[in-house]
Amino acid sequence: WRVHLAPLFTARGEKIPTHRATVRESDGKILGVVGLGYRPLQNEEAFSFFEPFLQSGACELEAAGSLKGGKRVWILARIRNAVGEVVSGDEVRGYFLLSNSHDASQAVRAQF
């Protein structure tokens, strides 16, 4: 889904000039209240980061989802040929996680 910014108003109908709401376009749900400097990172834009790695075969999409009613989104890719052992018989695989929030509660995160 896509997210857009919408103006906020007081109960008396006065526009709040310092903040806006992030709204999910598919159903109009308000995901958060953000300052004027906030720019939404669309899910498609964020997740397209993985496309070159998926096309080359370096990664394989493992899972993706959202939390807190869509306020946070994430995608997890398994890195192929990134396998090691901590101790004999204890296999560890490499993963790459990208997460983002649509309520400004966290920055975009990309981590192994």
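The paragraphs below walk through a predicted model, going from its sheets to its core, a buried polar residue and its salt bridges.

A convenient place to begin is the N-terminal part of the chain, where three strands form an open sheet in the order S1-S2-S3 with antiparallel pairing. Because strand S1 (3-9) and strand S3 (30-35) each have a single partner strand, they stand at the edges, and one side of each is left without a neighbour in the sheet. From one strand to the next, the twist averages 35 degrees. Strand S2, which covers residues 15-24, pairs with S3 over five bridges in the antiparallel sense, and within this part of the sheet Thr 22 stands opposite Gly 32 of S3.

Further along the chain, strand S4 (residues 59-67) runs antiparallel to S5 and is joined to it by eight bridges, with Cys 59 placed opposite Ile 79 of S5. These two strands form a hairpin that has four residues between them, and Lys 68 in its turn has a positive phi of about 55 degrees. S5 is in turn joined to S6 by ten bridges, again in an antiparallel arrangement, and here Glu 85 has Glu 91 of S6 as its bridge partner. The hairpin of S5 and S6 has five residues between the strands, and Gly 89 takes a positive phi near 90 degrees there.

From the strands we can turn to the packing of nonpolar side chains. In soluble globular proteins, nonpolar side chains tend to be buried together. The largest nonpolar core in this model has eight residues, namely Leu 41, Ala 46, Phe 50, Cys 59, Ile 75, Ala 77, Phe 96 and Leu 98. Strand S5 (72-85) and S6 are the elements that give two or more residues to this core. Phe 50, when its neighbours within four places in sequence are left aside, is in contact with Ile 75, Ala 77, Phe 96 and Leu 98.

A polar residue also deserves attention: Asn 100, found in strand S6 (residues 91-101). Its relative accessible area is 4%, and Asn 100 therefore counts as buried, the cut-off for that term being under 20%. Where does the side chain of Asn 100 reach? At 3.4 Å, this side chain reaches the backbone oxygen of Leu 41, a residue that also belongs to the largest nonpolar core. Not counting residues up to four places away in sequence, Asn 100 touches Leu 41, Lys 71, Arg 72, Val 73, Gln 106 and Val 108.

Charged pairs complete the picture, and a search of the whole structure finds seven salt bridges. One of them brings together the side chains of Arg 12 and Glu 14, at 3.5 Å from N to O; Arg 12 counts as exposed at 71% relative accessibility, whereas Glu 14, at 42%, counts as partly exposed.

Arg 78 takes part in two further pairings. With Glu 60 it forms a salt bridge in which the closest N and O atoms are 3.0 Å apart, and since Arg 78 lies in strand S5 and Glu 60 in strand S4, the pair ties together parts that are 18 residues apart in sequence. Arg 78 is buried, with a relative accessible area of 18%, while Glu 60 is partly exposed at 30%. The side chain of Arg 78 also meets that of Glu 62 in a salt bridge, at 3.9 Å from N to O; Glu 62 lies in strand S4 as well, so this pair ties together parts 16 residues apart in sequence. Salt bridges that share partners join Glu 60, Glu 62, Arg 78 and Arg 80 into one network.

Methods: Residues are numbered from 1 along each chain as its sequence is written. This is a predicted model: local features need pLDDT of at least 70, side-chain atom pairs count only at pLDDT 80 or more; totals for chains, interfaces and linings use all residues. Side-chain values use heavy atoms; hydrogens and water are left out. Two strands pair if DSSP finds at least two bridges between them. Axes are lines fitted to C-alpha atoms, for helices over the stretch in contact, and angles run from 0 to 180 degrees between N-to-C directions. Buried means under 20% relative accessible area, exposed over 50%, partly exposed in between (1.4 Å probe, protein chains only). A polar contact is a pair of N or O atoms within 3.5 Å; within protein, one must be able to donate a hydrogen and the other to accept it, and residues adjacent in sequence count only if both atoms are side-chain atoms. Contact means heavy atoms within 4.5 Å. A nonpolar core is a set of buried Ala, Val, Leu, Ile, Met, Phe, Trp, Tyr and Cys residues joined through side-chain atoms within 4.5 Å. A salt bridge is a side-chain nitrogen of Lys or Arg within 4 Å of a carboxyl oxygen of Asp or Glu.
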